[in-house]
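Me: I should like to understand how the descriptive terms applied to this structure are justified. Please set each value against its definition.

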Amino acid sequence: MEIRVLQGLDKPAMRALVEAVHADQGLLPQFYWPADLLGAELATAEAVGVFKGEELAGFVLYRDLPDAWEISLVASHPRFRRQGLMERLFAHLIAAKGQDKQLWLEVHEENVSAQKLYEKLGFKEVRRRPRYYGDGATAILYSLA
């Protein structure tokens, strides 16, 4: 297992991982990124990924804001789930952010496995956005100081 900052050359692997999630889940709103929005996010956000051998097993996209890192996308390849890789990736990200920053993210209310991971890592629910997603579901906002 290796964790590293992702660069432009990693973007095809990142797109392929998102496509694998879409293929596994269908186009469920819990994790659906249209190609144009994904392209824009990949072009502007910073990324860190976890590799199993040579294969990208998961990644996090985030924006470095003055007081926080805002996480915009968390993706875990279906073949590598439940192996602790995303927990390790988040632990790395938490250590890297330093004491002067918070981590912010939001999650679909039906994505219970992600909520459990975030809460295990110390994230606290700070707010909810009713009817935020296209399916009418609520977004749960989490923060970690």
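Reply: A residue is called buried when its relative accessible area is under 20%, and exposed when that area is over 50%. The model is a predicted one. By the first criterion, the buried residues of α3 are Leu 85, Met 86, Leu 89, Phe 90, Leu 93 and Lys 97.

Me: What puts these buried residues on the same side of α3?

Reply: Around the helix axis they cover an arc of only 130 degrees, and therefore they lie on the same side of α3.

Me: How do you know that the length of α3 agrees with its number of residues?

Reply: Helix α3 comprises 13 residues, 85-97, and at 1.5 Å a residue it should span 18 Å; the C-alpha atoms at its ends are 19 Å apart, which agrees. After α3 comes Gly 98, with a positive phi near 80 degrees.

Me: Why is α3 called oblique to α4?

Reply: The axes of α3 and helix α4 (residues 112-120) come within 11 Å and cross at roughly 45 degrees. Angles under 35 degrees would count as roughly parallel, and 65 to 115 as roughly perpendicular; the crossing falls in neither range, so α3 is oblique to α4. Met 86, Glu 87 and Phe 90 of α3 make the contact with Leu 117, Tyr 118 and Lys 120 of α4. The crossing is right-handed.

Me: Why does Gly 53 count as exposed?

Reply: Its relative accessibility is 55%, and the cut-off is over 50%, so Gly 53 counts as exposed. Gly 53 belongs to the loop between β2 (46-52) and β3 (55-64). Its C-alpha is 6.4 Å from that of Met 1, although 52 residues separate the two in sequence.

Technical notes:
Residues are numbered from 1 along each chain as its sequence is written. This is a predicted model: local features need pLDDT of at least 70, side-chain atom pairs count only at pLDDT 80 or more; totals for chains, interfaces and linings use all residues. Side-chain values use heavy atoms; hydrogens and water are left out. Helices (H or I, at least four residues) and strands (E, at least two) are DSSP runs, numbered from the N terminus. Buried means under 20% relative accessible area, exposed over 50%, partly exposed in between (1.4 Å probe, protein chains only). The expected span of a helix is 1.5 Å times one less than its number of residues. The arc is that of the directions from the helix axis to the C-beta atoms. Axes are lines fitted to C-alpha atoms, for helices over the stretch in contact, and angles run from 0 to 180 degrees between N-to-C directions. Angles under 35 degrees count as roughly parallel, over 145 as roughly antiparallel, 65 to 115 as roughly perpendicular and the rest as oblique. A crossing is left-handed if the near helix is turned anticlockwise from the far one by less than a right angle, and right-handed if clockwise. Contact means heavy atoms within 4.5 Å.
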